Amino acid sequence: MQREQWNSRVGFILAAVGSAIGLGNIWRFPYMAYENGGGAFFIPYLFAMLSAGIPFMIMEFSLGHRLRGAAPKVFSKLGQNYGLRLEWLGWFQVFIAAIIAIYYVAIIGWAISFFSFSFTQSWGTDTNAFFFKEYLQLGEHSPTNLGLFQMHIAIPMAIAWSITSLAIFTGVKGGIERASKIMMPLLFIMVLALIGRIIFLPGALEGLNYLFEPDFSKIFDAKVWSAAYGQIFFSLSVGFAIMLAYSSYLPDKSDINNNAFMTVLINCGFSILSGILIFGVLGYMAMEQGKALTDVVSSGVGLAFVTIPAAINLLPAPYILGPLFFLALVVAGLSSHISIIEAVTSAVMDKLHLSRKRAASLVCGIGFIVSMAFATSGGLLLLDLVDYFINNVALLASCFVELLILAWLFKIADIRDYANRISEFTVGHWFDLCLRFISPTMLAIILVKNLVNTIS
Ligand code: PFF
Ligand code: NA
């Protein structure tokens, strides 16, 4: 059977961008930049983007395009030429993707709930108690009572699953591409509209000052550099089978280099927009509450479901700005979730020679059931654990092993030649240098540091 293909170049880029832009851009990047030198963080961040993000993306796009398969097939074909068995690496990546998919969907479910609450701010004034006690039902029951099933969390998760499975069922062109073409422009419009209103509120510019004020002394801190590289790998969705699957649907004539640059630049540009949005809101909130910005700044789940709801309470027209924020979160999350599920589904299709619909039913069906573990009162605990392990260990290890094999066992220059042959502009020898030396060194340093931190 003929492999499916993207309909247009824009469609492919929007799908890849949809995968890359996710919760991480909105709730991880702004805090990370603030903590690691503010405006000065952009130096290591830009460096990581150029020396790791773009080369890695070109490499994955080339592999998917050339070998025409999901991760297990790509690595298995790659190994065959050299008499090596590498399929396991693909399955390891698919496995990580599957794990991410089942907890990511829980967060999208929470965001859907909060989208509905935001019209009337039914979270009340104590948003902390609301999220943890009333919504997640923590503290109500002892931590040993983890199995308590929460229907009000399961239902929005089921909604998220239905949207994702609809896109995957319908296929590359009609489903994923069409969804991305709606979701990505919508996401940008929503975020720009939010920024456009928030920037004029008192305190917003002070918030931005906090974010962008450079602390150049941080540039000499190794921690800041490892934060920048870690953020780039996570943010671009590389190393978990996703970009391989997406690029396997590219038409023969495709400009790999250009597509990779566009995807990376749009993702990183969106991160900066989110930074402006989040710090604008936090600056306004600090001003309204007469607090220092350092007392309100946060990241992750706490930022999205405790701090932001409290800030929305203080905003003008909260019934408009609130739903806009949570819809943006839902859209950013869903487009990433679709890409993760596609990575798993396409691997199952390749391996078992199943039709798309059968493979999708299998993957979404099992995924749905397993993800219900997060609709219990133990959900947050489980999520924290899994998220920590994935971000700090599994993801980095997977990128590291992929790089070692590709850049040291095989000739990375061949991949560059391949990409250059079908691209309008060519990348030079710096590409090899980045993938053979800079990226693996940085990955190894971060990985070791994280493992040490985990053990101690
Ligand atoms: N790249 C996305 C982000 O920065 O939020 C998150 C993500 C997408 C992580 C897909 C993992 C994934 F498989
Ligand atoms: Na991202």
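Which residues in H7 are buried?

1. Let's take that one straight away, bearing in mind that this is a predicted model. In H7, the buried residues are Ile-153, Pro-156, Met-157, Ala-160, Trp-161, Thr-164, Ser-165, Ala-167 and Ile-168. Their packing partners are H5, helix H8 (172-198), H15, helix H16 (356-371) and helix H17 (379-409). As for the spacing along the chain, an α-helix has 3.6 residues a turn, so residues three or four places apart point the same way.

2. The length of H7 checks out too. This helix covers residues 151-170, and at 1.5 Å a residue its 20 residues should span 28 Å; the end C-alpha atoms are 28 Å apart, so the two agree. Just past the end of H7, Gly-171 has a positive phi of about 105°.

3. Now have a look at H3 (residues 42-67). Its 26 residues reach 35 Å from first C-alpha to last, close to the 38 Å expected at 1.5 Å a residue. When you trace the helix, look for a kink of about 40° centred on Met-49. H3 is mostly covered, with 20 of its 26 residues buried. Right after H3 comes Arg-68, with a positive phi of about 50°.

4. On to the ligand. Ligand 1 is surrounded by 16 residues, and the closest are Gly-22, Gly-24, Ser-235, Ser-237 and Ser-336. Several helices each give at least two residues to this shell: H1 (9-20), H2 (23-35), H5 (87-118), H10 (222-235) and H15 (318-352). If you're wondering about chemistry, the shell splits into 8 nonpolar and 8 polar residues, with no charged ones.

5. The largest nonpolar core has 151 residues, and the members touching the most others are Ala-97, Ala-241 and Ala-343. H5 supplies the largest share of this core, 19 residues. Zooming in on Ala-241, and skipping anything up to four places away in sequence, you'll find it touching Ala-70, Ala-71, Gly-90, Gln-93, Val-94, Ala-97, Ala-343 and Ala-347. So two of the residues named for the core, Ala-97 and Ala-343, turn up among the contacts of Ala-241.

6. Last stop, Thr-307, which sits in helix H14 (residues 300-314). Is Thr-307 buried or exposed? It's buried, because 21 other C-beta atoms lie within 10 Å and the cut-off for buried is 20 or more. Leaving out neighbours within four places in sequence, Thr-307 is in contact with Val-296, Ser-298 and Gly-302. Val-448, by contrast, is 141 residues from Thr-307 in sequence and 33 Å from it in space, C-alpha to C-alpha.

Terms used. Residues are numbered from 1 along each chain as its sequence is written. Chains are lettered from A and ligands numbered from 1 in the order in which they are written. This is a predicted model: local features need pLDDT of at least 70, side-chain atom pairs count only at pLDDT 80 or more; totals for chains, interfaces and linings use all residues. A residue is near a molecule or strand if its C-beta atom, placed from the backbone, lies within 6 Å of it. Helices (H or I, at least four residues) and strands (E, at least two) are DSSP runs, numbered from the N terminus. Ala, Val, Leu, Ile, Met, Phe, Trp, Tyr, Cys and Pro count as nonpolar, Asp, Glu, Lys and Arg as charged, and the others, Gly among them, as polar. The expected span of a helix is 1.5 Å times one less than its number of residues. A residue is buried if 20 or more other C-beta atoms lie within 10 Å of its own, exposed if 12 or fewer, and partly exposed in between; C-beta atoms are placed from the backbone. Two residues are in contact if their C-beta atoms, placed from the backbone, lie within 7 Å. A nonpolar core is a set of buried Ala, Val, Leu, Ile, Met, Phe, Trp, Tyr and Cys residues joined through C-beta atoms within 7 Å. The bend at a residue is the angle between axes fitted to the seven residues ending there and the seven starting there.
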